[in-house]
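Work through the following exercises with the sequence and the coordinates open beside you. Each task is followed by a solution that goes step by step.

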Amino acid sequence: MAVQYIYPEYEVVRNYDRCIACRVCERQCANEVHEYLADSNKMVADDSKCVNCHRCVALCPTRALKIVKTDHTFKENANWSGKSITEIYKQAENGGVLLSSMGNPENYPVYFDKLLLNASQVTNPSIDPLREPMETRVFLGAKPEKIERDERGRLKNNLPPQIILSMPVMFSAMSYGSISYNAHESLARAAAELGILYNTGEGGLHENLYKYGKHTIVQVASGRFGVHKTYLDSGAAIEIKMGQGAKPGIGGHLPGAKIVGDISKTRMIPEGTDAISPAPHHDIYSIEDLRQLVFSLKEATGYTKPVIVKIAAVHNVAAIASGIARSGADIIAIDGFRGGTGAAPTRIRDHVGIPIELALASVDKRLREEGIRNNVSIVVGGSIRSSADVVKAVALGADCVYIGTAALIALGCHLCRSCHTGKCNWGIATQREDLVKRLNPDLGYRRLVNLMTAWKHEIKEMMGGMGINSIEALRGNRLMLRGVGLNEKELEILGIKHAGE
Amino acid sequence: MKYVIVGNSAAAVGAVEAIRRNDKEGSITIISDEKHHVYSRPLISYLLLGKTDENRMKYRDDGFYIDNGCELLSGKTAVKIDPGEKRVILDDGASVSYDRLLLCTGSSPFVPPVPGLDKVKSKFTFTTLDDAKALNDALKENSRVLIVGAGLIGLKCAEGISKKKVKITCIDLAPRVLSSILDDESSEIVKRHLEEHDIRFYLNRRSWSSKRTQHIWAIIPPYGSMCW
Amino acid sequence: MKRVYVNEQWCLGCHLCEYYCAFASTNEKDMARALKDVKINPRIRIEEKDGISFAVSCRHCDEPLCVKSCITGALTKVNGIIMIDKNRCIGCYTCVLSCPYGAVYPSEDGAIQKCELCIKTHEGTPKCVTGCPNGAIVFEERGE
């Protein structure tokens, strides 16, 4: 290329005193950044291909590598950042829509980081989770209006089908096709061992994973990929995907090149065809249409499984949630604007949607005001990064959270955000056999189990510190939260007081 | 049960260990014409090269005979066997009675009937430790050594003395070295390698001339070859 | 007896096991110092072709051909592990020829070398096992 508008964003820094030319970086980089020069017995790197995924850094046995942000700069400009300028260069070159992966990285406020938790002191004692029982189990689903008794006074079982979880966390929807089979297997096995659920996403359920059906949420998305009777019967719950936090309002697109072999079989589409998920479901154009689909699915599965409706957090999310709560759905899943994706147009990912904390608070408030909060359970996702975020989300009104990015990070993801290239060096967001091999489910599922076990313990510690011994006593308990650096309006929407009040 | 073994090398060791696995009580007598603890014969060329010593050449540790309850009659040659009486008669007149007898004396080097060989002063075969030691003592700087036979033993002998600043020449009836093991191409590779170590070869030779009797004959291998 | 086993399903052909093996047989604490500008001669080697790779090391056979072929008795079986006494080895390389896995190699000092399950260098799990980034190499008892 004659004029190089785009300077490599990252530089590979190699400490030649420590490099033993073992070539593992060369062998393990799918982007072919590293090369061994036999004449000089030296390793060299081509910075322009580096995506900063850290595979080479993590595998280098002598820690000879690091990746740094280039210090090649544009003139300082608070308005025109280097990023904005470079994006224009890219579009001037190829005339295409910019594509990105994973969640919104832009500098919007993170409300979780402005919320603080309470702790008990003096007036009411805290609880030691190592000495006293703590209940982290949650039941997701519609709860009956009131207790009913039969003519002999015994309790009637009027409880609709529920999801029972050992802790208020589930693995969120990531389709087979956007992530690899080994990633799915790791999620399924971890969910089974932990007593929680994972979500198939819109790519259907691989036949080898049916055995984990009791720990699976089967998703019915607008493309209806892989949806058949056995699929619906195999899951513990069915999720209708109306929207996704990363790309609200638009559908999905998995290029035909990736629809091969098992992906094609599982999605039930011919090899090589593009897998396009249309923007609205072609049979859902109103809330009544949604109700119809909810009940179709319940009929198809004999009313034995809860139905989840997943929506993106947008401006009038409270009204939408209210409609869903009245539609017969058992659970509402809300995906905030920080939610991840395999590939989405950059502008949609970065500028559409609202923060999950605000969406959650307003949905919870609206449903309670309308007296229908018990019709549904609320599950939230969209950048739950730690057990503290889980506790805060529950305090704001969530029954449970979804984690996506956090789970992938446990599997090895370094958030290089190059998933859309299909060359994930960690074997997660790729279908290339030689790369998928790198994610050994025996190791992956163990890491997920470890992460969740750690979070569960931390949740108990935080709850104990607050003097609370069960998730249900924490749910919606806004008095356990205080805000810092929030203005009046934000405090009002979140329904919490400022720290110090 | 009286076990008698004539021979004291690999087969004898194998026999002793097998017997003791099955019979811990019977007596074992080993008769050997060599005066050494059992040693690994292939190592004699390495001894000359300096890569090992007599102690490390031992095929079993020092306590082998005692630990296995064996009586070792070393330096004795068995000259006659009386199967009726079940006795082995030794060269010093003594006799050893047996219930079970094993003859495992191994092979002996074949010395071809070369005219004039009897007049050669320094000649050796190369199969035993004593052979190697005798050869070692006889070599001086710039000695001219003729090795008759370019088979395994001939070449191992050549290798063994290759670092001793002597002039080595090796001859064989066959047209190539290691003729019973290698084909033409691989034999050529081995020959070239040895020639780089200053070993001269005269192959495919038939005639004999007894001009010089000062040659030191270093080796006569068991299968026989010919001389010049 | 625990042995090193390789699952070729997970072997990535990254060759890290070779480097950790080479490092294990030095006395250095720091791998960079130990292996800088060194051409390694490890006791475990990757064999690879057509996208399949596999690390090969001594199997510590129940019927070891190398031990039978050794003319000096330098190779012996000690507690199930085939060990080399370098002092006895005279570098004849008969064992190198005999091993059906090609797991015995010449070493820099003329004697031979082979995997000894890191017994001589440290306690515990062999270094190739801990160094494998994908759990392809395991150290376990398989009742064989």
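Two strands pair if DSSP finds at least two bridges between them, and the elements themselves are DSSP runs, numbered from the N terminus, with helices (H or I) of at least four residues and strands (E) of at least two. The model is predicted, so that local features need pLDDT of at least 70 and side-chain atom pairs count only at pLDDT 80 or more, whereas totals for chains, interfaces and linings use all residues. Residues are numbered from 1 along each chain as its sequence is written, and chains are lettered from A and ligands numbered from 1 in the order in which they are written.

**Exercise 1. Parallel strands in chain B**

Task: determine in which sense strand 2 of chain B pairs with strand 3 of chain B, and over how many bridges.

Solution. Begin with strand 2 (residues 27-32) of chain B, which runs parallel to strand 1 (residues 2-6) of chain B and is joined to it by five bridges. Within this pair, I5(B) has I30(B) as its bridge partner. Between the two strands the chain passes through helix 1 (residues 10-22) of chain B, and this β-α-β crossover is right-handed, a term that applies if, with the strands pointing away from the viewer, the path from the first strand over the helix to the second runs clockwise. Now turn to strand 3 (residues 70-74) of chain B, which pairs with strand 2 of chain B in the parallel sense, over five bridges. In strand 3 of chain B, the residue opposite I30(B) is L72(B).

**Exercise 2. An open sheet in chain A**

Task: find which strands are the edges of the open sheet with the order 6-20-21 in chain A.

Solution. The sheet has three strands, and its pairing is mixed. Strand 6 (115-117) and strand 21 (497-498) of chain A each pair on one side only, and they are the edge strands. Strand 20 (residues 481-483) of chain A pairs with strand 6 of chain A in the antiparallel sense, over three bridges. In this pair, G483(A) of strand 20 of chain A stands opposite L115(A).

**Exercise 3. Domains in chains A and B**

Task: describe how the two domains of chain A, and then those of chain B, are placed and touch.

Solution. Bounds come from an automatic or database domain assignment, and residues are in contact if their C-beta atoms, placed from the backbone, lie within 7 Å.

1. Chain A consists of domain 1 (10-96) and domain 2 (138-148 + 166-498), with their C-alpha centres 34 Å apart.
2. Contacts link nine residues of domain 1 of chain A with seven residues of domain 2 of chain A.
3. The side of domain 1 of chain A that touches domain 2 of chain A has four nonpolar, four polar and one charged residues, where Ala, Val, Leu, Ile, Met, Phe, Trp, Tyr, Cys and Pro count as nonpolar, Asp, Glu, Lys and Arg as charged, and the others, Gly among them, as polar.
4. Chain B is divided into domain 1 (2-103) and domain 2 (117-219), and the centres of these domains, taken over C-alpha atoms, are separated by 31 Å.
5. Here nine residues of domain 1 of chain B are in contact with 13 residues of domain 2 of chain B, and the side of domain 1 comprises five nonpolar, two polar and two charged residues.

**Exercise 4. Contacts between chains**

Task: establish which of the two pairs of chains that touch has the most contacts.

Solution. Chain A and chain B do not touch, and their nearest C-alpha atoms are 29 Å apart. Between chains C and B, the contact takes seven residues from chain C and eight residues from chain B; by class, the side of chain C has two nonpolar, four polar and one charged residues. Between chains C and A, 16 residues of chain C are in contact with 18 residues of chain A. Helix 1 (16-24) and helix 2 (31-35) of chain C each supply at least two residues of that side of chain C, which divides into ten nonpolar, five polar and one charged. The pair with the most contacts is A and C.

**Exercise 5. A positive phi in chain C**

Task: locate Y93(C) and decide whether it counts as buried, exposed or partly exposed.

Solution. Y93(C) lies in the loop between strand 5 (81-84) and helix 4 (94-98) of chain C, and its phi is positive, about 65°, although it is not a glycine. A residue is buried if 20 or more other C-beta atoms, placed from the backbone, lie within 10 Å of its own, exposed if 12 or fewer, and partly exposed in between. Y93(C) has 16 C-beta neighbours inside 10 Å and therefore counts as partly exposed.
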